[in-house]
Every structure is written in structure tokens, then in C-alpha cells.
Amino acid sequence: MRTNRRYIPFVAAGLAMALASCGTARQATAPSAATAPSAATARTAAASKLQFVQKVSDNQLYQKNIVAGMTFTLKSGNQDISVPGQLRMRRDQVIRIQLQMPLIGSEVGRLEFTPGYVLVVDRIHKQYVKADYNQLDFLRDNGLNFYSLQALFWNELLLPGAQKVGESDLKKFDVELTPTASSCPISLQKGNISYTWTADKATGRILKALITYASKQDGKSTLTWNYSDFRSMGAKKYPALQSFSFNTNALKRHNSATVTLEMNKISNDDKWEAQTTVSPKYKQVAPEDVLKKLLSM
């Protein structure tokens with residue numbers, strides 16, 4: 001199966017979005033009856049929005065590790081493949097997807113993200129890629145970094161350029177609160193990239209993340225990440241079914257791909273090494289070469 005390198009999901013990195021501030025001049029006289037209720041209403045609305053974003057943020061898992069068996073499915077054009085695999089994540093250290101041979105169970109490929117580098121291992125052809133994010137054009141051009149990917153895989157809010165979303169950052173997100181709605185959109189804008197999360201109003205769980213990038217040069221690209229089948233992990237819940245789709249009309253071509261991770265036996269097992277050591281018998285190759293072979297098996 002052939003694939004385009006722009007199928008790799010993108011997430012924009014950069015400095016945290018600055019908030020505009022407004023100064024209000026004091027009046028010598030008391031505020032009028034017409035303006036006082038408006039100001040009070042605005043303060044109440046802002047407090048309600050911040051409270052909801054806090055509710056969403058509080059859903060973050062306490063665990064440091066997530067380990068799960070899974071079925072990995074890739075749909076792209078006329079191609080539709082499903083293989084068994086493993087997902088292993090250790091917070092702030094690694095996101096690892098291992099693809100296995102059906103029935104036999106032996107590993108055929110590995111995709112690994114760390115804060116410092118990306119590793120792709122093709123065990124069938126004994127080849128690999130290991131490079132930092134700036135060396136891989138499909139990551140560099142789309143502004144993808146480790147912590148943005150981590151937030152998406154862990155079902156959390158993200159802040160471009162930041163390792164995590166802190167308590168003081170919550171006010172940077174906007175929320176549309178509709179009394180009759182069952183879910184609420186949370187939004188953030190950074191340059192040409194907009195972020196929107198759809199969160200369940202009752203639980204605060206993120207059900208969907210949408211990232212849209214618009215450029216005169218590269219056209220429009222979207223990353224849509226859906227979450228469902230939430231399962232208990234301690235006091236919190238984690239989405240065992242995740243599906244992310246990438247669409248772009250860059251270079252006047254429409255390309256799209258969808259990856260689905262259907263997980264089972266999710267645990268917080270920590271008995272595994274976070275760093276992969278590649279055999280010296282493996283040959284290091286260009287990123288597009290190993291990705292093409294790995295995704296065509």
C-alpha cells in the first residue's frame with residue numbers, strides 16, 4: 001500500500017497564544033443601571049466558561065503509563081488494512097505503536113515518538129529512521145511536536161508550544177455554553193491554525209478534537225480525532241476507541257487517511273523499557289522509504 005507523507009497527523013507547535021487585555025477607565029460617578037448588569041453578566045459568563053474548562057482538564061489520568069493491546073486499522077484510498085498491535089505510552093517520555101503479524105504475533109514495525117526524536121523501525125526489511133522533528137519534513141512543515149501528540153493520544157487539551165496545560169492557562173480557552181446542548185465546543189486560535197474540542201457537558205470528557213490549518217501556499221488541512229468507548233482507569237476514564245483522520249488539499253490534490261485504534265486490556269503496566277535500541281544490523285534510510293515499505297505490508 002502506498003501512502004503520502006502528509007497523511008501523518010499534524011499538530012501546530014509554537015509559543016502559547018497571547019491574550020489581549022482590555023483596560024477599563026474608572027468613572028467619577030457610579031456606573032449606570034444600563035452598564036452594571038452587562039458587566040455582571042460578562043463576569044458570570046467568564047466564570048462559567050473557566051469552570052467548564054477546569055472540569056475538562058480535571059479528567060486527566062493520574063497514571064504515568066498506558067499499555068493496551070489493539071487492532072490497528074488504516075484506510076487510505078482503496079486500501080483498507082487491519083493488523084494487531086500494541087500501544088505503549090509513558091507520560092513525557094514516549095508514545096509507541098507496535099504493529100504485529102496477524103496470527104503469528106511477531107512485530108513487523110514500530111513507530112515511536114519521544115520528546116527528542118522520532119523512530120520508525122521496519123523489521124521486515126531491517127531498516128529504520130531516527131531523526132529529530134526538524135529533520136522530518138512531514139513533521140516540521142506541519143509544526144508537530146511530541147507534547148501535542150501526547151495530548152491527543154491521552155485525550156487532553158493542548159496548548160501550542162507548551163509541555164502541558166497548567167491551571168493558569170485555562171483562561172486562554174474559549175467555550176460556547178448552550179443551556180440545551182449536550183456537549184460544548186472549546187476553542188483556541190494560533191495564527192493560521194484553529195483548535196476545537198467537543199466535550200460532553202455532563203462529564204467534561206473530550207469526545208472530539210478538530211485542528212484546522214489554512215495556508216495560501218499549502219491550502220487547507222484538517223485533523224479530526226474522535227474518542228469513544230471510555231473505560232475506567234482508576235478514578236478516571238480513558239477512550240479505548242480512537243480514530244483520527246487527516247485531510248488535505250495541498251498541492252491542489254485531495255488526500256485523506258483514517259487510522260483507528262481499537263484497544264483492549266488497557267492497563268498502567270510499567271514493566272517495559274521506554275527506549276528502543278535498534279540492532280546494528282539495521283540500515284538507516286530516508287523517512288519516506290521506510291514509511292512507504294512499512295505501510296505497504
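**View 1. V94, a residue found in strand 3, is shown with its surroundings.** This is a predicted model, in which local features need pLDDT of at least 70 and side-chain atom pairs count only at pLDDT 80 or more, whereas totals for chains, interfaces and linings use all residues. Residues are numbered from 1 along each chain as its sequence is written, and side-chain values use heavy atoms, with hydrogens and water left out. Strand 3 covers residues 94-100; strands (E, at least two residues) and helices (H or I, at least four) are DSSP runs numbered from the N terminus. V94 counts as buried because its relative accessibility is 0%, where buried means under 20% relative accessible area, exposed over 50% and partly exposed in between, for a 1.4 Å probe and protein chains only. Beyond its neighbours within four places in sequence, V94 is in contact (heavy atoms within 4.5 Å) with R88, M89, E112, F113, T114, F146, W272 and A274. One of these partners, A274, stands 180 residues from V94 along the chain, yet the two C-alpha atoms are separated by 6.4 Å.

**View 2. The nonpolar cores of the protein are shown, with F153 as a reference point in the largest of them.** The largest nonpolar core has 58 residues, and those with the most contacts inside it are F72, F153, L157, F173, I186 and W197; such a core is a set of buried Ala, Val, Leu, Ile, Met, Phe, Trp, Tyr and Cys residues joined through side-chain atoms within 4.5 Å. Apart from this core lies another of 5 residues, including Y117, L119, V121 and Y128. When neighbours within four places in sequence are set aside, F153 is in contact with M89, I95, I97, W225, Y238, Q242 and L261. For the protein as a whole, 45% of the 297 residues count as buried. Among contacts with a separation of 6 or more, 53% come from residues 24 or more positions apart.

**View 3. Helix 3, residues 146-153, is mostly covered.** Of the 8 residues in helix 3, 7 are buried, namely F146, S148, L149, Q150, A151, L152 and F153. At the start of helix 3, a side-chain oxygen of N145 comes to within 3.4 Å of the backbone nitrogen of Y147. Helix 3 is one element of a secondary structure that comes to 4 helices and 14 strands.

**View 4. N155 is found in the loop between helix 3 and strand 7 (174-175).** N155 counts as buried because its relative accessible area is 12%. Setting aside neighbours within four places in sequence, the residues in contact with N155 are I206, Y227, F230 and P239. Most residues other than glycine have a negative phi. N155, which is not a glycine, has a positive phi of about 65 degrees, and this residue comes just after helix 3.

**View 5. The largest cavity has a volume of about 80 Å³.** On a 1 Å grid over the protein atoms alone, a cavity is a set of points where a 1.4 Å probe fits but cannot get out, and lining residues have an atom within 4 Å of a point; the volume is the space filled by probe spheres set on the points, which are joined across faces, edges and corners. The structure holds 3 cavities of 30 Å³ or more. The lining of the largest one is made up of V56, S57, N59, Q60, N155, E156, L157, V165, G204, R205 and I206, which divide into 4 nonpolar, 5 polar and 2 charged residues.

**View 6. H125 lies in the loop between strand 5 (118-122) and strand 6 (127-131).** H125 counts as partly exposed because its relative accessibility is 37%. The side chains of H125 and D122 are joined by a polar contact of 2.6 Å, that is, a pair of N or O atoms within 3.5 Å, of which, within protein, one must be able to donate a hydrogen and the other to accept it, with residues adjacent in sequence counting only if both atoms are side-chain atoms. From H125 to G109, 16 residues apart in sequence, the C-alpha to C-alpha separation is 9.7 Å.

**View 7. G105 has its place in the loop between strand 3 and strand 4 (107-113).** G105 counts as partly exposed because its relative accessibility is 35%. G105 and G85 are 20 residues apart in sequence, and 8.3 Å apart in space from C-alpha to C-alpha.

**View 8. K265 has its place in strand 13, residues 255-267.** K265 counts as exposed because its relative accessible area is 74%. The phi of K265 is near 50 degrees, a positive value in a residue other than glycine.

How values were computed:
1 Å grid on protein atoms, 1.4 Å probe; cavity = no way out; pocket = protein on both sides within 12 Å on 5 of 7 lines; lining within 4 Å. Nonpolar A, V, L, I, M, F, W, Y, C, P; charged D, E, K, R; others polar.
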